[in-house]
Amino acid sequence: MLAFAPLPMGCPSPGNKTLQMSPRIYVGAYSSDGDTNGIFYFAGQGYVVGGTWANPQTNQNIVMAASGIGSGTLDSIVNRDSSDTFDNNALNNWFSVYLGVGRYLIPSHYTFRQRSSGGDLMTLMKLQSSSDNLNWTDLTTADAPTQTADVFTSFSVAAQPNMYSYFRLIRTGPDTGASGFFCIGEWELYGTLFY
Ligand SMILES: [Ca+2]
């Protein structure tokens, strides 16, 4: 679902800041796992509806980061295909995304796709948001993805008043091998984007 509209009066603020402009609005509504409605897909289109898609991390239309990389690449997390990226083996390891200057999202859902190869899978995580990439707020608390390789699980995010430019997935439980790797195949965010 796509919609464009002027910024409504009383719309949510980015963290504790106030928008000084009248941004465009893209409503990326979750339809099905792997659909093309998500914010990372839209970023891959250069933030242009109907634009030609290219990997949004490769072209830096989003800026991803990790607490460490053990194997694989950040690009693979948003390449819309099966892949394996491992974070480092550590407590509370995470993958994050920065949407860029002047881009703020009110999230509604996210999808997580397990790594494609056999091996240890993720059991528990949560989604967090931030205005400054330093202080993080829990948007979900205990998200348990289906423990099948290459399979998507979608999670809804409770309605909340603020919009944010930074999001991260943080591991909150052991993987199925009882070790501390954060393994991921794909990630997508949905919601209302001001850009
Ligand atoms: Ca992937």
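Nine bridges tie β6 to strand β12 (residues 186-194), and the two run antiparallel. Here strands are DSSP runs of E at least two residues long, numbered from the N terminus along with the helices (H or I, at least four residues), and two strands pair if DSSP finds at least two bridges between them. Keep in mind that this is a predicted model: local features need pLDDT of at least 70, side-chain atom pairs count only at pLDDT 80 or more, and totals for chains, interfaces and linings use all residues. Residues are numbered from 1 along each chain as its sequence is written.

On to the other neighbour of β6. Strand β6 (residues 104-113) also pairs with β9, again antiparallel, over five bridges. A few cross-strand partners to look up:

| β6 residue | Opposite residue | Partner strand |
|---|---|---|
| L105 | L193 | β12 |
| F112 | T153 | β9 |
| R113 | F152 | β9 |

As for cover, β6 is mostly tucked away, with eight of its ten residues buried (20 or more other C-beta atoms within 10 Å of the residue's own, C-beta atoms being placed from the backbone; 12 or fewer is exposed, in between is partly exposed).

Now the whole sheet: it's open, has four strands in the order β1-β12-β6-β9, and pairs antiparallel. β1 (25-28) and β9 (152-156) sit at the edges, each pairing on one side only. From one strand to the next, the twist averages 30 degrees, with axes fitted as lines to C-alpha atoms (for helices, over the stretch in contact) and angles running from 0 to 180 degrees between N-to-C directions.
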